[in-house]
Amino acid sequence: MPMRPEMNASDDRQLLVENLLELNEDFVLDLVRRRMEAGGDLLQIIEDAQEGMRRVGLRYEQRQYYISGMMMAGEIFREVMELVQPALMHQAQATASGHILLGTVRGDIHDIGKSIFAALLRSHGFTVTDIGVDVPPEQFIAEIQRLQPDILGLAGLLTVSYDSMRKTILKVRQLDEPMLAQTPVIIGGGTVNAMVCRYVEAESWATDAMYGVQLCKQMMHGGKSDGSQAG
Ligand code: B12
């Protein structure tokens, strides 16, 4: 049964998190529609849904959900994004420019967050080439040589993905062409942090797509990120 406590606007955030956690698809979608109609902050809606997903992951870890629970949550999240994304695109101002090559690293097929990051980048004026999931280092290298992107974005949510990120970045740094070898790298996905960033030797990291876009803008202006994530 969906949770419907006495309706209080400030409870909406919690309701979204809890009902996504309980996989109450219809309730979640109704709530998102209602928040959008009321002029709610779209990024806040995404953030709340993301928190719900994080908690679904914890249930899986605690063996209260099977993998089917994570799949269902992923499906609900996609539907939430189908509602939110058009409005988000409409709001955004395409002011930035730059080309970003993006992919989920070898061994990892998580792509929901990467797609949000790609959509937000595009809505801010970036050109994004998304080469999919489970991408081996060699394919990233071939695409860097072909496209000469301004920034490389590596996504990954599994602990084992960090080694794939590290190998990919090492191969980039070993490229003969100095310009390409210095391509700045940003990593992302809900489980990365400053330590992972240092380990894989990326320039910066983000667990929030909007913050990732800001970092990319800084990189385009030659601003050196300290690799940390604010807030
Ligand atoms: C949905 C889900 C799945 C779905 C993925 C569907 C899909 N198409 O992506 C399915 C069911 C397929 C799945 C499979 C598995 N999963 Co899974 N999954 C999740 C879950 C619940 C949610 C992930 C998600 O979509 N979150 C919502 C998005 C919006 O958040 P996000 O990815 O963080 O993205 C945001 C930011 O990080 C940022 N961002 C994202 N990408 C990028 C990239 C860049 C460059 C930047 C700057 C920013 C950025 O923007 C987004 C918006 O702000 C997580 C739990 C969690 N804590 O995340 C587990 C989780 C990631 N999975 C986990 C596991 C173990 C698995 C499996 C190994 C299970 C199994 N036994 O088979 C497999 C692995 C398959 C593989 N080889 O990749 C573990 C990983 C543990 C670990 N540390 O290694 C987690 C953490 C669950 C847990 N707590 O145990 N999973």
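This passage walks through a helix, a buried phenylalanine, the cysteines and the aromatic rings of a predicted model.

Helix α2 makes a handy starting point. The helix covers residues 25-37, and at 1.5 Å a residue its 13 residues should span 18 Å. The C-alpha atoms at its two ends do sit 18 Å apart, so the expected span and the modelled one agree. On the inward side of the story, the buried residues of α2 are Phe27, Val28, Leu29, Leu31, Val32 and Arg35. An arginine, Arg35, is thus listed alongside residues such as Leu31 and Val32. As for partners, these buried residues pack against three helices: α1 (12-21), α3 (42-61) and α4 (67-91). Just after α2 comes Gly39, which takes a positive phi of about 80 degrees.

Further along the chain, Phe140 belongs to helix α6, which runs over residues 137-147. Phe140 counts as buried because its relative accessibility is 0%, and the cut-off for buried is under 20%. Leaving aside residues up to four places away in sequence, Phe140 touches a run of neighbours from Leu101 through Leu102, Gly103 and Thr104 to Val105. Its other contacts are Ile131, Val135, Leu152, Leu154 and Thr168. Gly57, by contrast, is no part of that contact list; Gly57 and Phe140 are 83 residues apart along the chain, and their C-alpha atoms are separated by 28 Å.

Turning to the cysteines, the structure holds zero disulfides. Cys197 is in no disulfide, and the nearest cysteine sulfur to its own, that of Cys216, is 12 Å away. Cys216 is likewise unpaired, with the sulfur of Cys197 as its nearest at 12 Å. A disulfide needs the two sulfur atoms within 2.5 Å, so a pair 12 Å apart does not qualify. Both cysteines are tucked out of reach of the probe to a good extent: Cys197 counts as buried at 4% relative accessibility, and Cys216 is buried with a relative accessible area of 0%.

The aromatic rings round things off. The structure holds zero aromatic pairs, but two tyrosine rings do have an arginine for company. The charged end of Arg59 sits over the ring of Tyr65, 5.4 Å from the ring centre. Arg166 does likewise with Tyr199, where the charged end lies over the ring at 4.8 Å from its centre.

Notes: Residues numbered from 1 in each chain as written. Predicted model: local features only at pLDDT ≥ 70, side-chain atom pairs only at ≥ 80, totals over all residues. Heavy atoms only, no water. Buried < 20%, exposed > 50% of the residue type's maximum accessible area, 1.4 Å probe, protein only. Helix = DSSP H or I, 4+ residues; strand = E, 2+ residues; numbered from the N terminus. Contact = heavy atoms within 4.5 Å. Expected span 1.5 Å × (residues − 1). Phe/Tyr/Trp six-rings, centres within 6.5 Å; stacked < 30°, edge-to-face > 60°. Lys NZ or Arg CZ within 6 Å of the ring centre and 35° of its normal.
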